[in-house]
Amino acid sequence: MNARPAGPDIDTALHTVLARHGPDRHALVQMLVDLQAMLGWLPRRLLADLAAAIGRTPGDVEGVAGFYRFLHLQPVGRYRLLFSDNVIERQQGSHELMARLCRQLGVAPGEPRGDGAVSVATCSCIGLSDQGPSLLVNHRLVVTHLDEQRIDQLASLVDHEVPLHDWPADWSHVQDTVHRADVLLGSTNAPGQALQAALTRGADAMLAELQTSRLRGRGGAGYPTASKWQACRQAPGPEHVVVCNADEGEPGTFKDRALLRRQADALVDGMAIAAFVLGARRGFIYLRGEYRWLLDELLALLQQRRAAGLLGARILGRAGFDFDIAVHLGAGAYVCGEESALIESLQGERGTPRIRPPFPAEKGYLGLPTVVNNVETFCAVSHIALHGGDWWAGIGTPQSTGTKIHSVSGDCERPGLYEYPFGTRIARILEDCGARHTQAVQVGGPSGQCLSEFEFNRRIAFEDVPTAGAFMVFDRRRDLFEVARGFAQFFAHESCGFCTPCRVGTELLRRRMDKLAAGAGSRHDLDVLFELDHLLHATTHCGLGATACNALRDTMQKFRPAFERRLQSLHFAPGFDLDAELSVARRLTGRNDEAAHFAQPVEASRPPP
Amino acid sequence: MNRPHFLLGGDELPFTPGETVLEAATRAGRYIPHLCWHEGFAPHGSCRVCTVKVGTRTMAACTTAASEGLEVTLHDEALDAQRRSLLQMLFVEGNHFCPSCEQSGRCKLQATAYAAGIEGPHFEEFYPDRPIDASHADLLLEFNRCILCGLCARASEQYDGKAVFALGGHGIASHLVVNSASGRLVDSDIHPDDLAANICPVGVILKKRRGFDVPIGQRLYDRLPISSAPEDEAP
């Protein structure tokens with residue numbers, strides 16, 4: 001039996017999707033996601049027919065589809081298995097497990113098997129590094145805690161084409177282990193309670209409380225939430241829009257996963273409070289494609305809230321307070337976590353970050369004033385509505401108020417979720433999670449900072465070590481060069497390709513790191529890495545490129561020996577091998593004798609073509 | 001009332017509110033290196049060759065609004081080095097063999113690189129495999145030289161009203177998409193006189209049977225450095 005029930009044909013699928021979304025050109029990304037769920041991939045004729053139906057051109061639609069890593073313009077296996085390629089999961093053996101699976105299935109990575117049954121590849125972190133190695137099946141099912149036994153069973157299920165709903169349910173069990181809860185993770189407020197509190201306060205007073213709280217955005221940049229709302233509220237426009245950024249793509253981060261599952265009411269209350277303050281009627285949750293498995297639960301919750309009068313028309317019985325939320329799925333693009341790229345994606349475009357200003361608060365979704373906040377930020381807003389700004393400002397540090405959730409993974413006894421007030425020392429978190437012989441901690445993911453042992457007394461705070469929530473622990477067994485190399489591969493994989501320094505620079509970095517890993521590096525290569533760091537930091541179009549070298553720079557500065565032991569020479573070594581360059585000529589001429597080589601050793605004899 | 005002014009390399013230049021630094025400088029007859037920007041089109045901000053210092057911040061001149069008293073630095077050691085690196089990146093990611101290129105002498109990338117003092121690729125070349133599209137009777141698409149400035153796509157959509165080109169793919173595999181049923185140029189509605197067919201700053205979109213109509217050595221940038229060549233004669 002198939003992974004999917006016998007699928008619909010192209011015309012039926014297109015008809016279904018158009019009936020669902022209408023001929024809305026801005027729904028393109030959602031339509032492509034839906035079509036692929038039905039058809040497995042996106043054939044060329046389908047793109048042309050879809051383009052015609054929504055008034056766009058085939059080239060435009062192909063350009064959009066080709067932007068997203070999870071949309072396929074070529075056939076893929078009926079079972080599409082994507083290993084989460086996070087450095088933490090690599091250290092837990094994900095590459096070896098993937099090689100084992102490929103061997104068992106007789107499939108090459110990245111290419112569908114001859115019979116079209118299966119393809120195996122990697123993708124960026126899918127937000128399960130606390131229970132990895134993990135993988136994603138057909139973009140809708142996750143398998144956690146992979147080991148050799150599970151891989152062997154999985155290969156058998158695929159070979160027998162067992163439908164996904166008959167796979168062992170416990171494989172997809174995702175545990176949100178909260179080791180330390182504070183305000184956000186420990187709350188048990190009833191749905192709508194925070195929203196009611198905001199309504200009682202009134203819109204102006206609610207905004208004033210937010211100002212008093214000095215809440216800063218939890219997505220990483222730390223922009224003051226009240227200022228963002230204020231700017232949006234003052235921006236003229238026929239309507240205002242509220243967007244929740246649930247595109248938690250920073251490798252090693254999974255706190256939004258837990259909030260979406262455990263505190264979704266606090267999140268939606270927070271969004272509704274924003275709508276109340278801004279006078280917005282429309283809201284979106286931009287849910288990353290990797291979290292597709294959370295979608296049904298989230299939609300059910302929104303439906304419950306509509307039934308309870310907490311969403312939709314006349315919310316909490318208040319005339320004129322109409323606000324509803326649609327969930328938009330991402331399709332595998334880290335850059336869409338950048339708010340203007342996210343809005344482009346919401347509008348059915350390639351997720352290329354916009355030129356700013358204007359900022360989304362002024363001109364966002366369809367040019368309308370739009371507030372975009374992180375999941376954790378909206379949850380925090382709910383608590384501020386309930387308990388007031390002074391209360392929130394009393395937690396944490398002067399410039400970083402409130403609490404922060406950390407996604408702890410890597411070399412520790414108790415990976416999972418830890419919520420602390422801002423100002424908490426790194427050492428405290430390490431102690432609580434049972435980390436021993438810690439060599440380094442990557443705080444805030446690949447775009448964050450790599451801290452070494454002598455910095456463990458520093459504090460989590462915007463004024464010291466800021467973070468979007470990832471906390472990756474590396475003990476003394478780990479090779480920090482390999483960690484940095486994994487991050488370089490990540491950024492090269494996720495660069496949107498729009499601007500020169502990021503598109504080419506991240507690829508140059510990836511290749512340099514591979515050269516060093518192959519033992520062909522020299523001091524000169526390290527100089528080039530530093531040069532690229534400066535260049536990307538100064539000249540890229542958006543923050544993805546600007547932060548792409550952060551971890552690399554930190555590790556090169558703090559763990560220099562990990563790099564230097566890779567060098568062939570401390571001076572210069574050429575990146576190419578003269579003899580290896582001749583291999584094509586040897587293959588073409590069918591020669592492999594001594595005279596066809598520069599170096600003495602003759603390469604393993606190869607039959608002439 | 002006096003027009004407002006900003007400072008470019010210490011010189012006072014007037015601007016009209018709403019203009020970017022690059023627009024205002026160009027209008028005042030000053031040259032800021034650029035590839036993806038073209039008079040009459042909204043800024044794209046992708047090539048980053050127009051990177052300047054505004055105060056202490058590094059910004060793209062094409063996307064930065066001019067404002068009263070703004071201090072813009074075009075040349076210093078770091079900026080010149082950065083500009084060279086950006087240009088070198090564009091060279092190594094594609095296949096650029098100037099001596100055999102039909103556009104040599106009228107290629108903005110080549111001319112800008114000469115003006116920036118580039119003597120070699122510096123980075124390792126990627127040598128990508130990019131098949132050409134020779135399907136059209138009058139036009140040739142030489143993708144090896146594409147720098148993804150998007151000018152052809154913008155010109156086609158906003159000026160020609162056709163949308164013959166679009167940007168596709170992502171990351172280092174980003175590429176130009178031809179909007180036609182087959183994906184080939186012959187099946188598109190492009191015409192050789194379209195602005196889209198004439199705006200390419202490098203040598204991707206070429207007219208067939210016109211090769212070397214002007215001998216090398218007598219072309220625009222053979223005669224003048226790009227900094228003093230008139231913008232309207234450029235491709």
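How do strands β1 (residues 5-8) and β2 (residues 11-14) of chain B pair, in the parallel or the antiparallel sense? Load the model, keep in mind that it is a predicted one, and select those two stretches. They pair in the antiparallel sense, over four bridges.

**Stop 1: the start of chain B**

Stay on this hairpin and show the side chains of β1(B). They alternate: Phe6(B) and Leu8(B) point to one face and are buried, while His5(B) and Leu7(B) point to the other face and are not buried. Next, click on His5(B) and look straight across to β2(B), where Pro14(B) stands opposite. The turn has two residues between the strands, and Gly9(B) in this hairpin takes a positive phi near 55°.

Now add residues 71-73 of chain B to the selection. This is strand β5(B), which runs parallel to β1(B) and is joined to it by two bridges. To find one of the pairings, pick Leu8(B): its bridge partner in β5(B) is Val72(B).

**Stop 2: a helix in chain B**

Move on to residues 77-93 of chain B, helix α2(B). It has 17 residues and reaches 25 Å from its first C-alpha to its last, close to the 24 Å expected at 1.5 Å a residue. Colour the buried residues here; among them are Gln82(B), Arg83(B), Leu86(B), Leu90(B), Phe91(B) and Glu93(B). What lies over them? The cover for the buried residues of α2(B) includes β3 (51-54) and α3 (108-116) of chain B, together with α20 and α21 of chain A.

**Stop 3: another hairpin in chain B**

Select residues 165-168 of chain B, strand β7(B). Phe165(B) and Leu167(B) point one way, Ala166(B) and Gly168(B) point the other way, and all of these are buried. Extend the selection to residues 175-178, strand β8(B), which pairs with β7(B) in the antiparallel sense over four bridges. Ala166(B) stands opposite Val177(B) of β8(B). This hairpin has six residues between its strands, and Gly169(B) takes a positive phi near 70°.

**Stop 4: where the chains meet**

Show both chains together. There are 30 residues of chain A in contact with 30 residues of chain B. On the chain A side, the elements that give two or more residues are α4 (58-65), α19 (480-494), α20 (500-517) and α21 (523-539). Go to α20(A) to see the largest share of that side, eight residues. Coloured by class, the chain A side shows 13 nonpolar, 12 polar and five charged residues.

While you have α19(A) in view, pick out Val483(A), which sits in that helix. Is it buried or exposed? Val483(A) is buried, because 27 other C-beta atoms lie within 10 Å and 20 or more are enough to count as buried. Leaving aside neighbours within four places in sequence, Val483(A) is in contact with Val87(A), Phe474(A), Arg478(A) and Thr555(A). For a distance check, draw a line from Val483(A) to Ser172(A): they are 311 residues apart in sequence and 27 Å apart in space, C-alpha to C-alpha.

**Stop 5: domains of chain A**

Colour chain A by domain: domain 1 is 10-65, domain 2 is 79-172, domain 3 is 179-393, domain 4 is 403-476, domain 5 is 481-569 and domain 6 is 576-609. Then isolate domains 3 and 4 of chain A, whose C-alpha centres lie 26 Å apart. Their contact takes 19 residues from domain 3 and 24 residues from domain 4. On the domain 3 side, β5 (178-180), α8 (183-186) and α12 (255-262) of chain A each give two or more residues. Of these, α8(A) gives the most, with three residues. By class, that side has seven nonpolar, six polar and six charged residues.

**Stop 6: the core, and a last helix**

Which residues have the most contacts inside the largest nonpolar core? Select Leu267(A), Met271(A), Ala272(A), Ile273(A) and Ala274(A); the core as a whole has 243 residues. Helix α13 (residues 264-278) of chain A gives the most to this core, with 12 residues. Centre on Ala274(A) and look past its neighbours within four places in sequence: the contacts are Trp229(A), Val242(A), Ala280(A), Val371(A) and Val381(A).

Finish at residues 10-21 of chain A, helix α1(A). At 1.5 Å a residue its 12 residues should span 16 Å, and the end C-alpha atoms are indeed 16 Å apart. Just after this helix, Gly22(A) takes a positive phi of about 75°.

Key
Residues are numbered from 1 along each chain as its sequence is written. Chains are lettered from A and ligands numbered from 1 in the order in which they are written. This is a predicted model: local features need pLDDT of at least 70, side-chain atom pairs count only at pLDDT 80 or more; totals for chains, interfaces and linings use all residues. The expected span of a helix is 1.5 Å times one less than its number of residues. A residue is buried if 20 or more other C-beta atoms lie within 10 Å of its own, exposed if 12 or fewer, and partly exposed in between; C-beta atoms are placed from the backbone. Two strands pair if DSSP finds at least two bridges between them. Domain bounds come from an automatic or database domain assignment. Two residues are in contact if their C-beta atoms, placed from the backbone, lie within 7 Å. Ala, Val, Leu, Ile, Met, Phe, Trp, Tyr, Cys and Pro count as nonpolar, Asp, Glu, Lys and Arg as charged, and the others, Gly among them, as polar. A nonpolar core is a set of buried Ala, Val, Leu, Ile, Met, Phe, Trp, Tyr and Cys residues joined through C-beta atoms within 7 Å.
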